[in-house]
Amino acid sequence: MHRPAARFGLGAALLCVLSLAFFWPGVALYDSVSQYQQVVSGSYYDWHPPIMARLWSLFRDAGWHGQSPMFALQLLLY
């Protein structure tokens, strides 16, 4: 019995791991860097969505610094 869904899931997981390995730690553009600086400084402006600022702060509180945790999350969600 063929299980194409299982093969598709395995292939997607393999491609995700390869993408993480190849592109790690990701590239943060100016807007992302600016928002991360706000999280580090604790001084927030109303330019960025509040959910993104909260997500950055959760990563930082968990001990993950820089753009790599956001890159991993975005790739996993993709």
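Here are legends for a few close-up views of a predicted model.

**View 1. Helix 3 from end to end.** Helix 3 covers residues 50-61, which makes 12 residues. From first C-alpha to last, helix 3 reaches 16 Å, close to the 16 Å you'd expect at 1.5 Å a residue. Just after the helix comes Gly63, with a positive phi near 100 degrees.

**View 2. The two sides of helix 3.** Ala53, Trp56, Ser57 and Phe59 are the buried ones to look for here. Looking down the axis of helix 3, these buried residues fall within an arc of 160 degrees, so they line one face of the helix. As a reminder, an α-helix has 3.6 residues a turn, so residues three or four places apart point the same way. Over on the other side of helix 3, Pro50, Ile51 and Asp61 are exposed. The cover on the buried residues includes helix 2 (30-41) and helix 4 (68-77).

**View 3. Gln35 and its contacts.** Gln35 sits in helix 2. Polar or not, Gln35 is buried, with a relative accessible area of 5%, and the cut-off for buried is under 20%. Leaving aside residues up to four places away in sequence, Gln35 touches His48, Pro49, Met52, Ala53 and Trp56. Two of those partners, Ala53 and Trp56, also turn up among the buried residues of helix 3.

**View 4. A leucine patch on the surface.** Leu14, Leu15 and Leu18 form a nonpolar patch on the surface. Together they have about 310 Å² of accessible area. Leu15 belongs to helix 1 (residues 4-23). With a relative accessible area of 56%, Leu15 counts as exposed, because the cut-off for that is over 50%.

Methods. Residues are numbered from 1 along each chain as its sequence is written. This is a predicted model: local features need pLDDT of at least 70, side-chain atom pairs count only at pLDDT 80 or more; totals for chains, interfaces and linings use all residues. Side-chain values use heavy atoms; hydrogens and water are left out. Helices (H or I, at least four residues) and strands (E, at least two) are DSSP runs, numbered from the N terminus. The expected span of a helix is 1.5 Å times one less than its number of residues. Buried means under 20% relative accessible area, exposed over 50%, partly exposed in between (1.4 Å probe, protein chains only). The arc is that of the directions from the helix axis to the C-beta atoms. Contact means heavy atoms within 4.5 Å. Patches are made of residues with over 30% relative accessible area and no salt bridge: like charges are joined within 9 Å, nonpolar side chains (Val, Leu, Ile, Met, Phe, Trp, Tyr) within 5 Å. Accessible areas come from the Shrake-Rupley method with a 1.4 Å probe; for residues, only the protein chains shown count as cover. A salt bridge is a side-chain nitrogen of Lys or Arg within 4 Å of a carboxyl oxygen of Asp or Glu.
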